[in-house]
Amino acid sequence: MYKIGLYEREITPLFGNSLSGYFNLRLVDGVKEKTYAKAIVVDDGKNQIAMLAIDACGIDDTWCDEIYKKVSKYIDIKRENLLIS
């Protein structure tokens with residue numbers, strides 16, 4: 001039997017934070033669309049896999065390692081079973 005968990009959290013940046021993806025400094029001065037982090041975890045009783053989709057630019061290996069550390073506090077998952085996009 002499979003167990004499946006879903007999670008969604010709003011991660012819209014606060015006013016005044018800088019925005020990624022621009023050649024010049026650009027600060028958040030309004031919100032057109034909210035941004036989210038969404039996850040699914042599937043457990044078959046032996047292994048767990050998780051997929052995390054983040055509405056953000058520039059997620060590097062350091063961020064992924066930090067995310068894995070936080071996730072692994074809550075579920076017993078192997079690093080290679082966590083996909084972050």
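In the predicted model, A37 stands opposite I54 of strand β3. This pair belongs to the antiparallel arrangement of β2 and β3, which is built over seven bridges. The two strands form a hairpin with four residues between them, and in the turn G45 adopts a positive phi of about 95°. On the other side of the pairing scheme, β3 is joined to β4 by three bridges, and these two strands run parallel; here L52 stands opposite I84 of β4.

The two faces of β3 are unlike in their cover, for Q48, A50, L52 and I54 lie on the covered face, whereas I49, M51 and A53 lie on the uncovered one. Three residues of the covered face, A50, L52 and I54, recur in the largest nonpolar core, which comprises nine residues and also includes A37, C64, I67, I77, L82 and I84. At least two residues of this core are supplied by each of β3 (48-54), α1 (61-74) and β4 (82-84), and β3, with three residues, gives the most. Such a grouping may be set beside the general tendency of nonpolar side chains in soluble globular proteins to be buried together. Within the core, I77 touches L82 and A50, and its contacts also include Q48, I49, Y68 and V71, when residues up to four places away in sequence are not counted.

A contrasting picture is given by β1, in which the count of buried residues among the eight is zero, so that the strand is described as hardly covered. Strand β1 is nevertheless joined to β2 (residues 36-43) by eight bridges, the two strands running antiparallel, and in this pairing L6 has I40 of β2 as its bridge partner. L6 also takes part, together with Y2 and I4, in a nonpolar patch on the surface, for which the accessible area of the three residues together is about 410 Å². Of these residues, I4 is placed in β1, which spans residues 3-10, and I4 counts as exposed because its relative accessibility is 58%, where the cut-off for exposed is over 50%.

Exposure is also found in the loop between α1 and β4, where D76 is located. D76 has a relative accessible area of 73% and is therefore exposed. The C-alpha atom of D76 is separated by 28 Å from that of T12, and the two residues are 64 residues apart along the chain.

Key. Residues are numbered from 1 along each chain as its sequence is written. This is a predicted model: local features need pLDDT of at least 70, side-chain atom pairs count only at pLDDT 80 or more; totals for chains, interfaces and linings use all residues. Side-chain values use heavy atoms; hydrogens and water are left out. Patches are made of residues with over 30% relative accessible area and no salt bridge: like charges are joined within 9 Å, nonpolar side chains (Val, Leu, Ile, Met, Phe, Trp, Tyr) within 5 Å. Accessible areas come from the Shrake-Rupley method with a 1.4 Å probe; for residues, only the protein chains shown count as cover. A salt bridge is a side-chain nitrogen of Lys or Arg within 4 Å of a carboxyl oxygen of Asp or Glu. Buried means under 20% relative accessible area, exposed over 50%, partly exposed in between (1.4 Å probe, protein chains only). A nonpolar core is a set of buried Ala, Val, Leu, Ile, Met, Phe, Trp, Tyr and Cys residues joined through side-chain atoms within 4.5 Å. Contact means heavy atoms within 4.5 Å. Two strands pair if DSSP finds at least two bridges between them.
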